[in-house]
Amino acid sequence: MVSIEEFRKLAMSFPDATEEPHFEKISFRIKKKIFATFDEKNNQAVLKLNEIDQSVFCASSEKIFYEIPNKWGKQGWTIVELSRVRPEMFEDALIRSYENVAAKKK
């Protein structure tokens with residue numbers, strides 16, 4: 001399980017990361033581009049993974065990681081069930097999400 005405090009601490013530890021509102025959610029961004037959001041109501045994170053990382057995380061833990069069921073999911077946006085995910089696995093996925101978005105901004 002990952003708490004919002006753990007999520008926030010990790011997300012804000014990345015270089016140039018910011019926290020900003022995004023509709024009814026909290027977003028974490030690198031140079032104005034979202035790499036993660038937190039949905040408090042559903043206790044879920046959404047991460048921007050590349051196609052390979054998304055398929056690996058979803059295949060290994062389909063009740064924890066799953067593609068958003070619309071066009072955003074086809075672009076790598078992946079839901080993470082924070083009440084079920086192991087902290088180490090979440091950290092790995094969040095790092096990959098940050099690196100994926102940060103690389104596009106260089």
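A residue counts as buried when its relative accessible area is under 20%. Keep that cut-off in mind for the tour, and remember that this is a predicted model.

**Stop 1: F7**

Select F7 first. Is F7 buried or exposed? Its relative accessibility is 0%, which is under the 20% cut-off, so F7 counts as buried. Leave F7 highlighted, since we'll come back to it.

**Stop 2: the sheet**

Now switch to a cartoon view and colour the strands. You should find 6 strands forming an open sheet, with antiparallel pairing. Walk across the sheet and you'll meet the strands in the order β1-β2-β3-β4-β6-β5. Which strands sit at the edges? They are β1 (17-22) and β5 (65-67), and each of them pairs on one side only. Tilt the view a little as you go: from one strand to the next, the twist averages 25 degrees.

Next, pick out residues 44-48 and 77-81. These are strands β4 and β6, an antiparallel pair joined over 5 bridges. For a landmark inside this pair, click A45 and look straight across to β6, where V80 stands opposite.

**Stop 3: two helices on the sheet**

Select residues 4-11. This is helix α1, and it lies across β1, β2 (25-30), β3 (33-39) and β4. Compare its direction with β3: the helix runs at about 170 degrees to that strand.

Then select residues 51-60 to bring up helix α2. This helix packs on the sheet too, touching β5 and β6. Its direction makes about 130 degrees with that of β5.

**Stop 4: the rings**

Time to show some side chains. A pair of aromatic rings is described by the distance of the centres and the angle of the planes. How many aromatic pairs does the model have? The count comes to 7.

Zoom in on F7 and F38. Their rings form an edge-to-face pair, 6.0 Å centre to centre, with 90 degrees between the planes. This pair links distant parts of the chain, as F7 belongs to helix α1 and F38 to strand β3, 31 residues apart. F38 has a relative accessible area of 4%, so F38 is buried as well.

Keep F7 selected and add F90. The ring centres of F7 and F90 are 5.1 Å apart and the planes are at 80 degrees, so this pair is edge-to-face. Here the link runs from helix α1 to F90 in helix α4 (residues 87-105), and the two residues are 83 apart. Both F7 and F90 are buried.

**Last stop: the cluster**

Finally, add F28 to your selection. Ring pairs link F7, F28, F38 and F90 into a cluster.

Conventions: Residues are numbered from 1 along each chain as its sequence is written. This is a predicted model: local features need pLDDT of at least 70, side-chain atom pairs count only at pLDDT 80 or more; totals for chains, interfaces and linings use all residues. Side-chain values use heavy atoms; hydrogens and water are left out. Two strands pair if DSSP finds at least two bridges between them. Helices (H or I, at least four residues) and strands (E, at least two) are DSSP runs, numbered from the N terminus. Axes are lines fitted to C-alpha atoms, for helices over the stretch in contact, and angles run from 0 to 180 degrees between N-to-C directions. Contact means heavy atoms within 4.5 Å. Rings of Phe, Tyr and Trp (its six-membered ring) pair if their centres lie within 6.5 Å; planes under 30 degrees apart count as stacked, over 60 as edge-to-face and the rest as tilted. Buried means under 20% relative accessible area, exposed over 50%, partly exposed in between (1.4 Å probe, protein chains only).
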